[in-house]
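Subject: Handing over a structure

Dear colleague,

I am passing on a structure for you to look through, and my notes on what was found in it follow below. Please keep the view open while you read, so that you can find each place as it comes up.

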Amino acid sequence: MKPLLKVEDISSFIGPFHILQGVSLEVYPGEVVVILGRNGAGKTTTLRSIIGQVPPARGQITLDGVSLLNMPTHMAVRAGIGYVPEDYGVFDLLTVEENLKLAMRQSDKATLTRRDEVLDIFPDLGIAYKRLAMTLSGGQRQMLSISRALVNDNKIILIDEPSKGLAPIIVERIQNVLMTLKKKTTIVLVEQNFALACAVGDRYYIINEGRTVLSGTVDDLIDDTALQQTHLGLVLT
Ligand SMILES: Nc1ncnc2c1ncn2[C@@H]1O[C@H](COP(=O)(O)OP(=O)(O)O)[C@@H](O)[C@H]1O
Ligand SMILES: [Mg+2]
């Protein structure tokens, strides 16, 4: 089987700063790949490099064999990448309905069906459909942000720390949603919540100081407490 997404030894700069200095990863169809690493390791920059917000200076990125390099973000998105950014990326002064409408790449029957499915997954959004996004709670904003990726027919969805800053009960809901999505689509998940990452992920990559340093199956990682401590700084009780 060929990888759906392949990132090969990319180097990315933000201004004068050489942030990524050799990130590689492969994602196969149907997998959930989790990207782990300490704060500031380069996880968000990796996702932003994939969708062209931080275009890599070197290396290669392909989706389904097509190079994403030098492709502007709107084209990468059109090629079939859903992106759920760290800070939600919802429009505060638009309603839930308008936020979803704006995210839709098409308004065909299939897209409208996906929108209805999204409202089944997140009943909160149906209830708040005509309200401005700024009135939503943090958890609801995260749900809206994920929904914006789900209304389109994507080949892969990149999700950046969906549990960040949310109450445990909401994190549980997000985890359940990710478990549902896992059955339908291919996902790259950046997640600092180790329990959530392990529950949802199939394979992992650890990024440290802008480089991929380790990868393997999540099952092996769960058993390897020494590795968790060395690379993720997890203190085990
Ligand atoms: N806009 C920026 N300007 C300068 N440095 C940045 C910017 N964004 C990120 N960085 C730096 O790049 C490194 C990686 O950041 P990031 O990819 O956000 O890490 P992570 O998501 O793993 O926490 C950090 O050292 C961070 O300070
Ligand atoms: Mg980040």
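A good place to begin is the pair Asp202 and Lys182, whose side chains meet in a salt bridge with a distance of 2.8 Å from N to O. Asp202 lies in the loop between helix H8 (194–200) and strand E9 (203–208), while Lys182 belongs to helix H7, so the salt bridge ties together parts that are 20 residues apart in sequence. Asp202 has a relative accessible area of 31%, and because buried means under 20% and exposed over 50%, Asp202 counts as partly exposed. Please bear in mind throughout that this is a predicted model, and that the values given here were computed from it.

How many salt bridges does a search of the whole structure find? The search finds 9, and two others are worth your time here.

In one of them, Glu26 is joined to Lys6, and the closest N and O atoms of this salt bridge are 3.6 Å apart. The two residues come from distant parts of the chain, since Glu26 sits in strand E2 (residues 17–27) and Lys6 in strand E1 (residues 5–14), with their positions 20 residues apart in the numbering. Glu26 is partly exposed at 24% relative accessibility, and Lys6 is partly exposed too, with a relative accessible area of 26%.

Another salt bridge brings together the side chains of Arg173 and Asp124, at 3.4 Å from N to O. This pair also links distant parts of the chain, with Arg173 in helix H7 (residues 168–182) and Asp124 in helix H5 (residues 123–127), 49 residues apart. Arg173 is partly exposed, its relative accessible area being 31%.

Next, please turn to a pair of helices. Helix H3 (residues 96–103) packs against helix H6 (residues 138–150) at an angle of about 30°, and their axes are 8 Å apart. Because angles under 35 degrees count as roughly parallel, H3 and H6 are described as roughly parallel to each other. H3 passes H6 in a right-handed crossing. On the side of H3 the contact is made by Val96, Asn99, Leu100, Leu102 and Ala103, and on the side of H6 by Leu144, Ser147 and Arg148. Sorted by character, the residues of this contact are 5 nonpolar, 2 polar and 1 charged.

Leu100 appears again in the surroundings of Arg115, a residue of helix H4 (residues 109–121). Leaving aside residues up to four places away in sequence, Arg115 touches Leu100, Met104, Tyr129 and Val151. Is Arg115 buried or exposed? With a relative accessible area of 19%, Arg115 is buried, which follows because the limit for that word is under 20%. As a sense of scale, the C-alpha atoms of Arg115 and Ser49, which are 66 residues apart along the chain, are separated by 28 Å.

Finally, which residues other than glycine have a positive phi? Tyr88 is one of them, with phi of about 70°, and Glu161 is another, with phi near 45°. Tyr88 is placed in the loop between strand E6 (81–84) and H3, and is buried with a relative accessible area of 14%. Glu161 is found in the loop between strand E7 (156–160) and H7, and counts as buried at 6% relative accessibility.

With best wishes

Conventions. Residues are numbered from 1 along each chain as its sequence is written. Chains are lettered from A and ligands numbered from 1 in the order in which they are written. This is a predicted model: local features need pLDDT of at least 70, side-chain atom pairs count only at pLDDT 80 or more; totals for chains, interfaces and linings use all residues. Side-chain values use heavy atoms; hydrogens and water are left out. A salt bridge is a side-chain nitrogen of Lys or Arg within 4 Å of a carboxyl oxygen of Asp or Glu. Helices (H or I, at least four residues) and strands (E, at least two) are DSSP runs, numbered from the N terminus. Buried means under 20% relative accessible area, exposed over 50%, partly exposed in between (1.4 Å probe, protein chains only). Axes are lines fitted to C-alpha atoms, for helices over the stretch in contact, and angles run from 0 to 180 degrees between N-to-C directions. Angles under 35 degrees count as roughly parallel, over 145 as roughly antiparallel, 65 to 115 as roughly perpendicular and the rest as oblique. A crossing is left-handed if the near helix is turned anticlockwise from the far one by less than a right angle, and right-handed if clockwise. Contact means heavy atoms within 4.5 Å. Ala, Val, Leu, Ile, Met, Phe, Trp, Tyr, Cys and Pro count as nonpolar, Asp, Glu, Lys and Arg as charged, and the others, Gly among them, as polar.
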